[in-house]
Amino acid sequence: MALKPGTVLQDRYRIERSLGRGGSGAVYLSQDSRLAGKQWAIKELVCKDSTQLQSARTRFEREASMLARLRHRNLPLIVDYFFEAPSQFLVMEFVDGPTLAALIEKEGPAPEAQALRWALEMGRVLDYLHSQSPPIIFRDLKPENIMVTEERHLKLIDFGLARHFDPEMGRRDTQPSGSVGYAPPEQ
């Protein structure tokens with residue numbers, strides 16, 4: 001069920017509007033009542049299938065704890081995580097801009113120089129994730145999961161499918177996952 005504008009979570013975060021909805025979550029723009037003028041994006045766990053609820057919560061908790069430790073200019077900052085029955089919420093930096101998919105749809109392909117800068121930014125953030133201990137495998141890289149800031153920098157979002165790599169499993173550690181059209185061909 002979607003949160004309505006004006007809903008207050010944790011006696012702090014006032015929902016302004018919906019920013020988007022995905023397979024396991026909804027994201028809202030919120031105003032912070034403790035930090036005047038501060039806006040946050042709040043991701044809510046949404047799971048309509050009660051048989052999948054525990055699995056969805058486990059993934060959401062993993063995403064929250066994974067993101068809370070990360071600091072990189074191309075990742076949103078995570079500032080809070082809480083339960084408020086019957087949902088779970090992740091509070092993060094609000095990126096005021098479109099997804100890369102929406103931007104390309106509106107403006108067409110990026111000029112070569114901009115595309116190269118963006119490729120470098122994504123390469124750097126993926127290298128950062130892979131250099132964590134244990135390495136983090138993103139697994140859902142696509143234009144819909146990349147936000148474009150006002151300064152035309154990129155932020156990688158939606159770590160719902162991300163996980164830590166298990167080197168002891170070797171080649172067996174790869175499972176087919178991701179989005180159709182963006183999953184690696186070897187899957």
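Colleague: How far apart are the end C-alpha atoms of H3?

Modeller: H3 has 19 residues, which should span 27 Å at 1.5 Å a residue; the expected span is 1.5 Å times one less than the number of residues. By the way, helices are DSSP runs of H or I with at least four residues and strands are runs of E with at least two, numbered from the N terminus. The end C-alpha atoms of H3 agree with the expected span, their separation being 27 Å.

Colleague: Hang on, what kind of model is this?

Modeller: Residues are numbered from 1 along each chain as its sequence is written, and side-chain values use heavy atoms, with hydrogens and water left out. Local features need pLDDT of at least 70, side-chain atom pairs count only at pLDDT 80 or more, and totals for chains, interfaces and linings use all residues, this being a predicted model.

Colleague: Within what arc do the buried residues of H3 fall?

Modeller: Buried means under 20% relative accessible area, exposed over 50%, and partly exposed in between, with a 1.4 Å probe and protein chains only. Among the buried residues of H3 are Trp 118, Met 122, Leu 126 and Leu 129. Seen down the axis, the buried residues line one face of the helix, because the arc they fall within (taken from the directions from the helix axis to the C-beta atoms) is 155°.

Colleague: Which exposed residues sit on the face of H3 turned away from its buried side?

Modeller: The buried side has cover that includes H2, strand E7 (136-137), E8 and E9. The face turned away from it carries the exposed Glu 112, Arg 124 and Asp 127.

Colleague: Which helix gives the largest share of the largest nonpolar core?

Modeller: A nonpolar core is a set of buried Ala, Val, Leu, Ile, Met, Phe, Trp, Tyr and Cys residues joined through side-chain atoms within 4.5 Å. The largest one holds 28 residues, and Leu 70, Leu 75, Leu 90, Leu 129 and Leu 156 touch the most other members. E4, H1, E6, H2, H3, E8 and E9 each supply at least two residues. The largest share is 6 residues, and it comes from H3.

Colleague: How many salt bridges are there?

Modeller: Side chains of opposite charge can pair when their charged atoms come close. The rule for a salt bridge is a side-chain nitrogen of Lys or Arg within 4 Å of a carboxyl oxygen of Asp or Glu. One of them joins Glu 16 to Arg 14, with the closest N and O atoms 2.3 Å apart. By this rule the count is 5.

Colleague: How many residues apart are Arg 12 and Asp 32?

Modeller: Their side chains meet in a salt bridge at 2.8 Å, N to O. Arg 12 lies in the loop between strands E1 and E2 and Asp 32 in strand E3, which puts their separation along the chain at 20 residues.

Colleague: Which strand holds Glu 93?

Modeller: Glu 93 and Lys 155 form a salt bridge at 3.3 Å, N to O. Parts 62 residues apart in sequence are tied together, because Lys 155 lies in E9 and Glu 93 in E6.

Colleague: What relative accessible area does Gln 39 have?

Modeller: Gln 39 belongs to strand E4 (residues 39-45). Leaving aside neighbours within four places in sequence, Gln 39 is in contact (heavy atoms within 4.5 Å) with Leu 29, Ser 30, Gln 31 and Phe 94. Gln 39 counts as partly exposed because its relative accessible area is 29%.
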